[in-house]
Amino acid sequence: MSVITIIFSILGVIGTLVLALIIGMLLPGIERKYIQARIQQRIGPPVTSPGIMAPIKFFFKENISPNSPVPGLYKSLPIVCFIVVLLILLALTPQMYFFGAFTSIIAIIGFLKVEEVTYVLMGSLSKSIMSLSMPFPDLAKGAAYPNAERSYIEDISSSRAFRLIAFGSFPIYLAIFIPVAITGSIFLGDIVAYQQANGPFILSLAGVIGTVVFFIGYMILLNEYPFNILKSKADVIEGPYMEYASKYRSVVYLTKGFLMFTLGALFSVLFIGVPPNILSWGMLVNIAVALIFPVLMGIMSAFSPVFTYRQFYPVVATTSLLGVLAIVIGLLS
């Protein structure tokens, strides 16, 4: 491989990441402004507000120091989330396929799992309430455990995040393994090559079922209605993000849109066979999927209440069974 080819490939990867970040900054606004707000007949925020203006605004706000047993780790978690999403998208680019294990299904699932675990840590490492330390004991009369350690608002979202990791993430992981069942390979390069030679999986029965399962998992991973259990505004306000401010909150907003694009690109690789590459016209497919998914999510969210566990568990169980069915069909095909 010549030096010019290597430089060209590096520039292609960097260009893909930059374009993905720019589009990702617009996706939350498109979902909230052009879909949810229009359906619910309200004005809604400007399309640039959630993904562009909000990060800029928070970046210049005064920082706070919530009470935390490990303040350095607590503050770094939004940055860890962003880096993990960046690594996932980097692994999806075709220029990286020669790295083998880094561009495998196992690596993708590992990165996604790290992203999920950070929410548990966010909730468990903050001991503040609205940025104020609350060291005094809970003296409320009738408390079941009056001498127990005070429970903080983030503790609720932390336990919910743990339940999501233990149960709610099944659909997207099962969907990810459907292409593996069809191709017999865990490597993204093999999955893309198989579809380019035999047609995209989305046109097969297993692929159609897998698309539905993947989309449900997509919404759960993004904590959107009706699966907004992690940070339901009814009782835990912003959940694990509550005590983050200034540039850390800015990173949180950037990561949300970036993850939306990255999950769309992941679907494009697994079920259409088109990896994200700014040097190829196939990038238009990635952009189209990245736009379609938020539109569908916005439509579903606009008509949906917040699920309680009574509704959440049956939906996840049913979707997981569909994922298992699609894997079996893929093995038999």
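**Figure 1. Val316 in helix H11.** In this predicted model, Val316 belongs to helix H11, which covers residues 309-332. Because its relative accessibility is 0%, and anything under 20% is classed as buried, Val316 counts as a buried residue. Leaving aside neighbours within four places in sequence, the residues in contact with Val316 are Phe167, Gly168, Pro171 and Ile220. The view also takes in Gly217, which is 99 residues from Val316 in sequence, while the C-alpha atoms of Gly217 and Val316 are 8.6 Å apart in space.

**Figure 2. The protein chain as a whole, shown for orientation.** The protein chain holds 11 helices and two strands, and, when it is read along the sequence, these elements follow the pattern α-α-α-α-β-β-α-α-α-α-α-α-α. Of the 333 residues in the protein chain, 50% are buried. If one takes the contacts between residues at least 6 apart in sequence, 79% of these contacts join residues that are at least 24 apart. The accessible surface of the protein chain comes to about 15,300 Å², and carbon and sulfur atoms account for 72% of that surface.

**Figure 3. Helix H1 and the residue that follows the helix.** Helix H1 runs through residues 3-39, which makes 37 residues, and at 1.5 Å a residue a helix of this kind should span 54 Å. The C-alpha atoms at the two ends of H1 are 52 Å apart, which agrees with the expected span. H1 nevertheless contains a kink of about 35°, and this kink is centred on Ile30. After H1 comes Gln41, a residue with a positive phi near 55°.

**Figure 4. Thr118 in helix H4.** Helix H4 is made up of residues 105-124, and Thr118 is one of the residues in this helix. Thr118 is buried, because its relative accessible area of 3% falls under the 20% limit. A polar atom of the Thr118 side chain lies 2.5 Å from the backbone oxygen of Glu115. Beyond the neighbours within four places in sequence, Thr118 is in contact with Leu77, Val80 and Cys81.

**Figure 5. The largest nonpolar core and one of its residues, Ile176.** The largest nonpolar core is built from 82 residues, and those with the most contacts inside this core are Leu92, Ile176, Phe214, Tyr218, Phe261 and Leu263. Helix H9, which spans residues 246-272, gives the most to this core, contributing 13 residues. When neighbours within four places in sequence are set aside, Ile176 is found in contact with Ile105, Ile109, Leu112, Leu266 and Leu270.

**Figure 6. Gln195 in helix H7.** Gln195 sits in helix H7, which extends over residues 188-198. With a relative accessible area of 3%, which is under the 20% limit, Gln195 is buried. The side chain of Gln195 reaches the backbone nitrogen of Phe201, at a distance of 3.1 Å. Not counting residues up to four places away in sequence, Gln195 touches Pro200, Phe201, Val269, Leu270, Phe271, Ile272 and Gly273.

**Figure 7. Backbone features of the loop between H8 and H9.** Pro226 lies in the loop that joins helix H8, residues 205-221, to H9. The peptide bond that leads from Tyr225 to Pro226 is cis, and its omega is near 5°. Asn223 is also found in the loop between H8 and H9, and Asn223 has a positive phi of about 55° although it is not a glycine. Asn223 counts as buried, because its relative accessibility of 5% is under 20%.

**Figure 8. Ile229 in the loop between H8 and H9.** Ile229 has its place in the loop between H8 and H9. The relative accessible area of Ile229 is 4%, which is under 20%, and therefore Ile229 is buried. Setting aside neighbours within four places in sequence, one finds Ile229 in contact with Arg160, Phe307, Tyr309 and Phe312. Although Ile229 and Val306 are 77 residues apart along the chain, their C-alpha atoms are separated by 7.2 Å.

Notes
Residues numbered from 1 in each chain as written. Predicted model: local features only at pLDDT ≥ 70, side-chain atom pairs only at ≥ 80, totals over all residues. Heavy atoms only, no water. Helix = DSSP H or I, 4+ residues; strand = E, 2+ residues; numbered from the N terminus. Expected span 1.5 Å × (residues − 1). Bend = angle between axes of the 7 residues up to and from the residue. Buried < 20%, exposed > 50% of the residue type's maximum accessible area, 1.4 Å probe, protein only. Polar contact = N/O pair within 3.5 Å; in protein donor to acceptor, adjacent residues only side chain to side chain. Contact = heavy atoms within 4.5 Å. Core = buried A, V, L, I, M, F, W, Y, C linked by side-chain atoms within 4.5 Å. Areas by Shrake-Rupley, 256 points an atom, 1.4 Å probe, with all protein chains shown as cover.
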